[in-house]
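Q: Could you take me through one part of this structure closely, the two domains of chain A and the sheet found there? I am a first-year student, so please go step by step.

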Amino acid sequence: MKRLLTTILAGITAAGMAMAADEKPAQEPIKIGAIFGVTGPAAFLGAPEAKTAEMLVDQLNAKGGLLGRKLQLVLKDSGGSPEKAVSFAKQLIEEDKVLAIIGPSTSGETMQIKPICENAKMILISCAAAEVIVNPLAKYVFKVPQKDSQAVTWIYNTMKAAGITKIGILSDNSGFGQAGKAQLEQLAKVQGMEIAADEVYDKAAKDLTDILTKVKARDVQAVVNWSIVPAQSIIPKNMKQIGLNVPLYQSHGFGNVKYVKAAGEAAEGIIFPSGRLLVAESLPADNPQKAVLMAYKHDYESRYKEDVSTFGGHAYDAVLVLTSAIQKAGSTDRDKVRDAIETLKGLPGTAGIFNFSPEDHNGLALDAFEMLTVKDGKFAEYKK
Amino acid sequence: MRPRPLVPVLAAALAVVALQVAVTAAGREYYLTQTIMAAYYAVVALGLCLVMGYAGQISLGHAAFFSLGGYTSAVLTTADLTPLARSGWGGPLLRLHLLQARAGLYGGETIGANPWAAFGGALLLTFAVALLVGYPALRLKGHYLAMATLGFGLIVYRLLLGTNLTGAADGITGVPPWRLGFGLEISGDGAQRIANYYVAWGLVLFTILLLTHIVHSRAGRAFRALHGGETAANSMGINTAAYKLRAFVLSALLAAAAGSMLTHYSGGIGPSEASAMKSVRYVALVAAGGMANLWGVLVVSATLNFLSLRGCFGSYDDALFGALLIAIVSLAPEGPLQPLTAQGRRLWSRLAGHRVMTTPEGPAP
Amino acid sequence: MAEFFQYALSGVTMGSIYAAVAVGFNLIYGTTGILNFAQGEFVMLGGMIAVSLAAFMPLPLAVAAAMLIVALCGGALEILFFRRLRSHSALHMIVITIGLSIVVREAALHVWDESVRSLPYFTGNECSSVHLAGAALSPQVFWVLGTVGLAVLVLHTFFRYSLAGKAMRACASNYEAAMLVGINTANVRTLAFSVSAGLGALAGCVISPIGMTQYDMGTDLAIKGFAAAILGGLGNPMAGVAGGLLVGLAESYSVKFLPAAYKDATAFAILLLVLFVRPHGLFGRRQGSAVREA
């Protein structure tokens with residue numbers, strides 16, 4: 001038994017040494033850590049995010065890198081588990097000594113590592129949507145997706161213009177769905193909307209006619225669905241099937257043309273707020289975002305042979321914000337880069353124009369959104 | 001004559017110390033972070049080892065017990081109990097240190113439960129739930145027991161995911177450090193890492209000591225009889241149901257204790273800890289360690305979890321666990337370390353001048 | 001009233017999906033005594049392969065090809081992993097099928113990707129519905145129910161009248177005796193796995209338009225199908241259908257009274273209750289010691 005243990009101990013130590021003996025190139029690359037849920041329940045977010053981040057880093061390196069140094073992406077697949085995100089965050093901070101961490105994909109993971117990064121003075125640029133990430137404000141924690149409250153404001157304003165006041169809310173049981181649900185409930189009071197039904201469904205749901213039956217029985221004027229999962233395509237189908245013929249509003253999580261395809265004809269007329277990535281082609285040439293959006297869309301779609309989604313765009317923005325700040329700071333000193341992020345103004349990204357400040361670690365205003373609708377199987381601007 | 005359980009435990013304790021000295025000397029103390037987390041998961045696997053390997057019962061719901069412990073601690077210590085503290089009950093509760101004040105990360109001060117009290121609460125709750133579920137479930141056999149425990153695990157997962165008190169999908173964050181006294185605390189604070197390492201591995205060694213004791217006692221003999229044939233064991237006058245229930249409850253308590261402590265170490269917990277996949281992982285670790293082999297389970301689960309938490313398997317993490325399950329059960333159902341352990345035991349016996357043991361402790365075929 | 005009936009139809013929609021999975025479970029369990037946790041992966045694979053093939057060939061051909069491929073896979077798995085494991089305990093069997101399910105799922109993630117796919121509706125489209133007494137449901141549900149019904153009917157005839165079917169029944173009732181009378185039990189087991197995998201694949205195709213197909217759908221379906229099979233009584237395909245519909249109905253009516261967030265918890269609570277009170281299922285025979293101890 002003793003010999004067994006010693007052998008194992010020796011083995012572990014040897015493995016540890018081998019792992020530690022990383023190659024040391026002549027010029028150290030700038031290390032960027034990334035934690036994305038590439039597999040597991042958050043793969044809808046994590047997979048396009050990881051692909052986007054890899055693509056961007058490759059592109060930057062092909063152009064000669066930053067400040068004359070190459071970039072190195074240290075990518076970790078959290079599988080959507082917070083405990084892994086915690087372990088990886090500590091690893092990236094202490095061992096890899098990265099300059100900054102981008103990700104995680106979900107708000108649950110982000111909230112777990114927010115205090116870790118704040119205590120270690122590590123820049124964290126989250127790709128998750130929940131508002132609690134930047135409110136309360138942590139000095140080193142930023143996020144790039146638009147705020148849920150802004151999306152809700154757009155939805156409620158559009159509804160009011162259409163004379164809708166009594167609504168039913170559906171949300172999935174992921175972090176995204178629950179954060180959106182909280183905002184929908186909170187702002188309904190302010191905006192004078194009446195919530196007649198408020199239901200949560202499982203992210204793996206296959207059929208939702210039962211929940212929609214409950215909603216239908218409450219005589220709502222419109223349905224809002226807040227989720228990121230495939231159920232977004234099931235709800236419009238089920239609504240049509242049981243004859244719940246009221247307008248369907250979705251969240252900015254609908255930003256993937258695959259969901260439109262999956263819902264087919266039933267997707268027609270869905271109204272949702274979104275960044276401008278999905279309608280990049282039809283933007284006027286003088287739109288400041290147009291160049292960024294077209295470049296990202298073209299690069300991603302030609303490299304990975306799949307449709308671009310707004311989720312991948314979050315990783316694009318995270319890398320963009322970080323590299324812009326490094327350039328602006330002219331250094332890879334972490335505190336200088338952090339300060340530089342707070343001074344970034346008028347930076348066009350995929351989610352909108354970023355204007356960071358010491359009080360605003362999201363940097364996106366209400367105009368980052370636009371209301372879109374589905375017309376003939378494609379995304380189009382919503383016009384009343 | 002069996003080797004006394006104390007000797008290997010002492011050897012293991014030495015190994016634990018040696019490992020810490022080695023990584024500190026090498027300036028790579030950060031390896032301890034994942035070693036600590038792996039230790040807590042190993043405690044769950046060890047507890048499950050008692051149920052699966054020795055009592056011969058399957059549980060596909062152990063992640064639920066782990067999260068019961070973790071969530072109870074997290075909820076009680078992070079909840080704002082200021083109103084309770086201000087009420088008539090507050091005085092005595094504060095004086096008994098059942099409540100404690102803590103500073104928030106972003107300013108302000110709130111009053112929550114003392115981690116010790118929360119830990120006690122977690123164990124009590126787990127004890128009650130394990131008894132309630134175990135009593136009827138352990139009367140079922142094979143596939144039916146698997147389904148019952150799986151169903152139980154899924155119910156817990158759904159409740160955690162659907163309840164605002166437990167933070168729904170985001171889980172709970174901001175769990176305060178657990179001050180153990182003597183300047184020790186269970187927390188993710190880098191300065192406390194070595195202390196945490198010894199706390200975590202202390203728990204592992206305590207678990208091993210406890211379980212070896214049980215396995216070598218009257219209860220252990222009952223388990224082996226039970227494994228050989230339940231009807232026969234029953235007719236020998238062994239109350240099999242009671243022994244199975246005791247093993248189940250004890251392993252649930254171990255899982256809850258590990259969950260509670262890991263939650264303080266990580267500073268939070270999420271619902272993925274309760275998922276069916278997590279339960280399956282524990283089963284995989286026990287199967288990979290050789291079912292009725294405490295040391296094998298310890299070594300395999302600590303190593304695999306360590307590597308998994310370091311992200312060594314990348315996107316193939318789950319796939320690896322699945323492949324491991326298939327490979328080990330179809331190729332070496334006694335566990336890959338079985339030949340190695342047998343050799344070690346033979347060596348030990350020779351050193352100690354005893355005859356080679358003729359009846360291995362392995363599970364019944 | 002229409003609302004009440006709508007819940008029923010909604011339950012039937014989900015229930016028909018669970019029933020489709022449960023039939024496959026019962027077929028394998030009835031013949032081999034293995035509870036195949038990887039059954040859900042057969043369903044996933046069927047849907048995935050059919051969606052991929054449908055790009056090159058007409059839909060019926062794609063479905064048939066998917067069934068055939070998955071049936072071959074099922075047979076191959078049995079030969080590779082279970083044939084040599086006959087003597088192992090239920091514990092080992094459970095562990096190995098769980099392992100298979102994980103590996104197949106992760107392989108599917110790397111072969112295809114994380115995005116959702118679906119076959120077109122067999123009749124009508126996303127918006128069409130059939131109205132019954134003020135309530136409505138998708139015509140695809142009839143396809144699912146029809147397929148499940150047909151499968152049960154064909155299985156019944158097969159078990160009853162064909163030689164291979166009789167051999168399977170013999171294995172189910174007494175394995176050793178079947179071996180003694182000269183039945184090649186190993187081949188019968190392989191056949192059971194193939195047929196069950198093919199049935200799973202067919203289920204995966206017919207439910208694809210309703211719930212869509214993605215790499216990680218198998219586990220959830222397997223668990224629900226498992227619940228349906230146990231509720232009906234393990235080993236009996238017909239009871240599995242009833243069990244599936246009951247689970248679906250229970251879930252859908254639970255939504256009427258409880259927050260939908262607890263829908264699955266309700267379904268599993270009912271399952272636990274059945275397990276504790278009547279573990280041989282609602283329609284199964286009491287088998288005494290096979291299920292629980294005194």
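A: Let's begin with a term we will need: the bounds of a domain here come from an automatic or database domain assignment. Please also keep in mind that this is a predicted model.

With that in hand, look at chain A. Its assignment gives two domains. Domain 1 is made of two stretches of the chain, 30–146 and 294–364, while domain 2 covers 148–274. If you take the centre of each domain over its C-alpha atoms, the centres of domain 1 and domain 2 of chain A are 29 Å apart.

Where do the two domains meet? On one side, 13 residues of domain 1 of chain A take part, and they are in contact with 16 residues of domain 2 of chain A. Try finding helix H2 (43–62) and helix H4 (107–119) of chain A: these are the elements that give two or more residues to the side of domain 1 that touches domain 2. Sorted by class, the residues on that side of domain 1 are 5 nonpolar, 6 polar and 2 charged.

Now for the sheet. In chain A, 5 strands form an open sheet, and if you walk across it you meet them in the order S2-S1-S3-S4-S5. The pairing is parallel. In general, the strands of a sheet pair through backbone hydrogen bonds, and the pairing can be parallel or antiparallel. At the edges of this sheet you will find strand S2 (71–77) and strand S5 (141–143) of chain A, each of which pairs on one side only. Neighbouring strands of the sheet are turned against each other by 20 degrees on average, with direction ignored.

Let's zoom in on one of those edges. Strand S4 (residues 123–126) of chain A runs parallel to S5(A), and 3 bridges join the two. For an example you can point to, pick A:Ile125: its bridge partner in S5(A) is A:Phe142.

Finally, add a helix to the picture. Helix H11 (residues 310–329) of chain A lies across strand S1 (30–36), strand S3 (100–102) and S4 of chain A. The helix runs at about 160 degrees to S3(A). So that you can retrace the path on your own screen, go from the two domains of chain A to the residues where they are in contact, then to the open sheet of 5 strands, and end at helix H11 of chain A, lying across S1, S3 and S4.

How values were computed:
Residues numbered from 1 in each chain as written. Chains lettered and ligands numbered in written order. Predicted model: local features only at pLDDT ≥ 70, side-chain atom pairs only at ≥ 80, totals over all residues. Contact = placed C-beta atoms within 7 Å. Helix = DSSP H or I, 4+ residues; strand = E, 2+ residues; numbered from the N terminus. Nonpolar A, V, L, I, M, F, W, Y, C, P; charged D, E, K, R; others polar. Pairing = 2+ DSSP bridges. Axes fitted to C-alpha atoms, helices over the stretch in contact; angles between N-to-C directions.
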